[in-house]
Amino acid sequence: MKLTTVLAFATAAFAQINNEHLKTDVVTAVECSRKTVAGDKVHVHYRGTLEKDGSEFDSSYNRGNPLSFSVGQGQVIKGWDQGLLGMCPGEKWKLTIQPDWAYGERGVGPIPANSVLIFETELVSIDGVAKDEL
């Protein structure tokens, strides 16, 4: 097994979160020297669906622009603030977020109250951090 394969596997295993609020699955692992940390301004493409029926409620891909925000600063739902930490630019992760780390008992637009949300996320870039050359 090549060292790069071992490192990619180790990175993917380290990044996964699995608790009562959030589950992360690494879909596409990428090696990098600088992962996301709280306070980084990130640019993320995503597709959000409801776990109960798979219906899509939002997608940055449809708009052609990633969402930009400072991760870990309370600008997005807690599932994103926690679930996007430790990502490398170019990685794709699936986040399964329980209602208490999403919108809870309140419904928001097409998202009913107490919904479990699934987000397919892709970290496009971190401001001020060059994407590692392979």
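1. Start with the aromatics: in this predicted model, one cluster is made up of Tyr-46, Phe-57, Phe-69, Trp-80 and Phe-119. Going by ring-centre distance, there are 5 aromatic pairs in total.

2. Take Tyr-46 and Trp-80 from that count. Their rings sit edge-to-face, with 5.1 Å from centre to centre and 80° between the planes. Tyr-46 belongs to strand 2 and Trp-80 to helix 3 (residues 78–83), so this pair ties together parts that are 34 residues apart in sequence.

3. Tyr-46 has another partner in Phe-119. Here the ring centres are 6.1 Å apart and the planes meet at 65°, so this pair is edge-to-face too. Phe-119 lies in strand 6 and Tyr-46 in strand 2, so the link joins parts 73 residues apart in sequence.

4. How buried are these three rings? Tyr-46 comes out at 5% relative accessibility, Trp-80 at 3% and Phe-119 at 5%. The cut-off for buried is under 20%, so each of them counts as buried.

5. Trp-80 is worth clicking on. Leaving aside residues up to four places away in sequence, Trp-80 touches Val-44, Tyr-46, Leu-67, Phe-69, Val-71, Leu-95, Ile-97, Phe-119 and Thr-121.

6. Now zoom out to the nonpolar core. The largest one has 24 residues, and those with the most contacts inside it are Phe-69, Trp-80, Leu-84, Leu-95, Ile-97, Leu-117 and Phe-119. At least two residues of this core come from each of strand 1 (22–28), strand 2 (41–50), strand 5 (92–97) and strand 6 (117–126).

Key: Residues numbered from 1 in each chain as written. Predicted model: local features only at pLDDT ≥ 70, side-chain atom pairs only at ≥ 80, totals over all residues. Heavy atoms only, no water. Core = buried A, V, L, I, M, F, W, Y, C linked by side-chain atoms within 4.5 Å. Buried < 20%, exposed > 50% of the residue type's maximum accessible area, 1.4 Å probe, protein only. Helix = DSSP H or I, 4+ residues; strand = E, 2+ residues; numbered from the N terminus. Contact = heavy atoms within 4.5 Å. Phe/Tyr/Trp six-rings, centres within 6.5 Å; stacked < 30°, edge-to-face > 60°.
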